[in-house]
Structure formats: structure tokens, C-alpha cells
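Visitor: Before we start, please show me the model and its sequence. I will then ask about single residues and the elements around them.

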Amino acid sequence: KNEVTPADTQSHLRYDFKLDRPCAGIWVRLEYSPKALEDKEQAMELIKRGIERYVEPDRQKLTLERAEQYLPLRNLITVSIDDSRGHRGACHRQDPVQELYLSERTASPGLTKGTIPEGTWTVTLSLHAIVTQRCAYRLKVWAAEAEEELR
């Protein structure tokens, strides 16, 4: 298990793996926790800072009055996949547990089906927002030996 913190927000983590033999497809599983920041006071402080940074000065007061609409604040980590030839897609899901797959004949929404070439592949985790003090994540990648192992 690995951890990220708010300092990692708006960064990317890249994980390379080598596919050195033919296979039917690739599975990628990402899980992270916690999903939401439960401390309302801390969340409201983050919202206030965000409004000060991103909202036009003449709209800040009105936006602050409606700040609770942004609760609960959530961590957001998304997945992109590249094979040895190029980009195979991106999955911008809100789910804290994601199981993604791709093969020659099928793929999870957001990913491109097609040949599964040997070589270096990359899974990129995009840390759009880490709002909790720590967010633990686990990434697992494995090859499917047969098409039946894929959805």
C-alpha cells in the first residue's frame, strides 16, 4: 500500500510494467481510501481557500454563502493507460474501487480495445484532489490468460 497527501494534489504517479509474453488482455485495479473528508470544519476551510483562489473577487461573498453545497469534499484519483505504442485511454471515475480491463475485442468504457502488444506499458494515476491528510491506495495490474477472464 502507498499513501499520498494534499501536497500531491494535481500531480501524476506513473507505474511502468513490462509485458514480455502474449496475453488475452490486461486488468488494472485501483482502490483508495478514504473517499471523503469527514471533518466539516476542515472541509469548509479548504472550500474557503479554493473560493479565494479560483472565484472572481466580486463573486466570492455569494459563493461563500453557498459553500456547503460543495460538501462532502472527496479525494479523486483517476487512471490512464498507455501501451508500448501509445495511449489506450483514461478512466475518470469517482469510484474509490475501480477494476478496468482491455483486450483485443473489449475494454472498459474510456479505454480502447485492440492488440495487446508486448513491451513497456504505463498506468498513470492522476491525483486531481487529495483532501484528507492521508489517502492510502493500492494499484494492481495483471495479465489475463484467456478472453473469458475479461468482462
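Guide: Cys23 has a relative accessible area of 16%, so Cys23 is buried (under 20% is buried, over 50% exposed, anything in between partly exposed, with a 1.4 Å probe and protein chains only). The model is predicted: local features need pLDDT of at least 70 and side-chain atom pairs pLDDT 80 or more, while totals for chains, interfaces and linings use all residues. Numbering starts from 1 along each chain as its sequence is written, and side-chain values rest on heavy atoms, without hydrogens or water.

Visitor: How many disulfides does the structure hold?

Guide: A disulfide here is a pair of cysteine sulfur atoms within 2.5 Å. Cys23 is in none, as its nearest cysteine sulfur, that of Cys91, is 17 Å away. Cys135 is in none either, with the sulfur of Cys91 again the nearest cysteine sulfur, at 18 Å. The number of disulfides in the structure is zero.

Visitor: Is Cys135 buried or exposed?

Guide: Cys135 stands opposite Val4 of strand 1, as part of strand 8. The relative accessibility of Cys135 is 0%, so Cys135 is buried.

Visitor: In what order do the strands of the sheet with strand 8 run?

Guide: Strands are DSSP runs of E with at least two residues, helices runs of H or I with at least four, both numbered from the N terminus. Two strands pair if DSSP finds at least two bridges between them. Strand 1 and strand 8 are antiparallel over three bridges, strand 3 and strand 8 over nine, and strand 3 and strand 6 over seven. The sheet is open and the order is 1-8-3-6.

Visitor: Which strands stand at the edges of that sheet, and why?

Guide: Each edge strand has a single partner strand, so one side of each is left without a neighbour in the sheet. This applies to residues 2–4, which form strand 1, and to strand 6. The edges are therefore strand 1 and strand 6.

Visitor: Which residue is the bridge partner of Trp27 in strand 6?

Guide: Strand 3 covers residues 25–33 and strand 6 covers residues 97–103. They pair in the antiparallel sense. The partner of Trp27 is Tyr101.

Visitor: What kind of peptide bond joins Ser33 and Pro34?

Guide: Ser33 stands opposite Ala136 in strand 8. Pro34 sits in the loop between strand 3 and helix 1. With omega at about 0°, the bond joining Ser33 and Pro34 is cis.

Visitor: What is omega for the cis peptide bond between Leu71 and Pro72?

Guide: Pro72 belongs to the loop that runs between helix 2 (60–65) and strand 4. For the cis bond joining Leu71 and Pro72, omega is about -10°.

Visitor: Which strands are the edge strands of the sheet ordered 2-7-4-5?

Guide: This open sheet has four strands with antiparallel pairing. Each edge strand pairs on one side only. The two are strand 2 (11–19) and strand 5 (86–91).

Visitor: Which residue of strand 5 stands opposite Ile81?

Guide: Strand 4 (residues 76–83) pairs with strand 5 in the antiparallel sense, over five bridges. Opposite Ile81 is Gly89.

Visitor: Which element gives the most to the lining of the largest pocket?

Guide: A pocket is an open set of points on a 1 Å grid over the protein atoms alone, where a 1.4 Å probe fits, with protein on both sides within 12 Å along at least five of seven lines; lining residues have an atom within 4 Å of a point. The lining numbers 16 residues, and those nearest the centre are Thr9, Leu46, Gly50, Tyr54 and Val131. Helix 1 (40–54) and strand 7 (119–129) each supply at least two residues. The most, six residues, come from helix 1.

Visitor: How far apart in space are Ile130 and Lys35?

Guide: Ile130 lies in the loop between strand 7 and strand 8. Ile130 is buried, at 3% relative accessibility. Ile130 and Lys35 are 95 residues apart in sequence, yet their C-alpha to C-alpha distance is 9.2 Å.

Visitor: Is Gln10 buried or exposed?

Guide: Gln10 is in the loop between strand 1 and strand 2. Its phi is positive, about 60°, although Gln10 is not a glycine. At a relative accessible area of 61%, Gln10 is exposed.
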